[in-house]
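Subject: Structure handover

Hello,

Here is the structure you asked about. Please open it alongside this email; my notes follow below.

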Amino acid sequence: MSSPLPSVLLEQFDALRRQYPPEMKTSLVLPLLHCVQDANGHVTEADAVAIAGYIGMPAIQVIEALTWYSMFDREPQGRYVIKVCRNIACSLRGSERVVAHLQRKLGIGLDETTPDGRFTLRTVECLASCGTAPAMQVNRTYHEQLDEAKLDRILESLP
Ligand code: FES
């Protein structure tokens, strides 16, 4: 089967595969999905099928993992993906205000990307930072105890 995955990714796949015993090859699914997302910013269904072919397992199992976990994006995203926690601790401490402020500042709604491709705004469930709510991630960086002034500083600090 020909793979749509570039050789640089396949080299990373090979390096990961060497870390797993052959009988545990299905454990490669999540690391390989992360590899593709880190490289491309999102993971398509065709990528999942290629990963399944690489591992030698049914494509549906990789597609299920891709669609189950919210940390994988299936569409192109902004350069900065802002994920605001909307779960109970953050909600009690003002996550709705955080979202509303970001929507005003960025001029987009939830699950939208700014026309210049810089920002995508989303809400997510608990980020496991409940003690410092309200919290959000910008890509993989955590920002906590948010208020409007802090949000402005964060946005201004991004290159
Ligand atoms: S409820 Fe927001 S981090 Fe847990």
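I start with valine 138, which counts as partly exposed because it has 16 C-beta neighbours inside 10 Å. That falls between the limits of 12 or fewer for exposed and 20 or more for buried. Please keep in mind that this is a predicted model.

Valine 138 sits in strand E4. What does valine 138 contact, leaving aside its neighbours within four places in sequence? The partners are Tyr80, Ile82, His143 and Ile154. Leucine 155 is 17 residues from valine 138 along the chain, and their C-alpha atoms are 9.6 Å apart.

Leucine 155 leads to a helix pair. Leu155 belongs to H7 and is one of the residues in the contact between H6 and H7. Helix H6 covers residues 95–106 and helix H7 covers residues 148–157. The two pack at an angle of about 45°, with axes 10 Å apart. H6 is therefore oblique to H7. The crossing of H6 past H7 is right-handed. On the H6 side, the contact uses Val98, His101, Leu102 and Lys105. On the H7 side, Glu148 and Leu151 join Leu155. By class, the H6 contact with H7 holds 4 nonpolar, 1 polar and 2 charged residues.

Now the second helix pair. H2 and H4 pack at about 65°, and their axes are 10 Å apart. H2 also passes H4 in a right-handed crossing. H2 brings Val29, Leu30 and Leu33 to the contact. H4 brings Val62, Ala65 and Leu66. What classes make up the contact of H2 with H4? The count is 6 nonpolar, no polar and no charged.

Next, the cores. The largest nonpolar core has 17 residues. Those with the most contacts inside it are Leu32, Leu33, Val36, Ala48 and Ile51. Four helices give two or more residues each to this core: H1 (7–17), H2 (29–40), H3 (45–55) and H4 (59–68). H3 gives the most, with 6 residues. Look at valine 36 too. Leaving aside neighbours within four places in sequence, valine 36 is in contact with Leu9, Val43 and Asp47. Another core, of 15 residues, lies apart from this one. Among its members are Ile82, Phe119, Leu121 and Ala135. Ile82 is also one of the contacts of valine 138.

Last, some backbone points. Most residues other than glycine have a negative phi, and most peptide bonds are trans. Three places depart from that pattern.

- Proline 134: the peptide bond from alanine 133 to proline 134 is cis, with omega near -5°. Proline 134 is in the loop between strand E3 (119–124) and strand E4 (136–138).
- Alanine 128: phi is near 65°, a positive value in a residue other than glycine. Alanine 128 is also in the loop between E3 and E4. Alanine 128 is exposed, because just 10 other C-beta atoms lie within 10 Å.
- Glutamine 145: phi is near 50°, again positive in a residue other than glycine. Glutamine 145 is in the loop between strand E5 (141–143) and H7. Is glutamine 145 buried or exposed? Glutamine 145 is exposed, because 12 other C-beta atoms lie within 10 Å, and 12 or fewer counts as exposed.

Best wishes

Conventions: Residues numbered from 1 in each chain as written. Predicted model: local features only at pLDDT ≥ 70, side-chain atom pairs only at ≥ 80, totals over all residues. Core = buried A, V, L, I, M, F, W, Y, C linked by C-beta atoms within 7 Å. Contact = placed C-beta atoms within 7 Å. Axes fitted to C-alpha atoms, helices over the stretch in contact; angles between N-to-C directions. Parallel < 35°, antiparallel > 145°, perpendicular 65-115°, else oblique. Left-handed = near helix turned anticlockwise from the far one by under 90°. Nonpolar A, V, L, I, M, F, W, Y, C, P; charged D, E, K, R; others polar.
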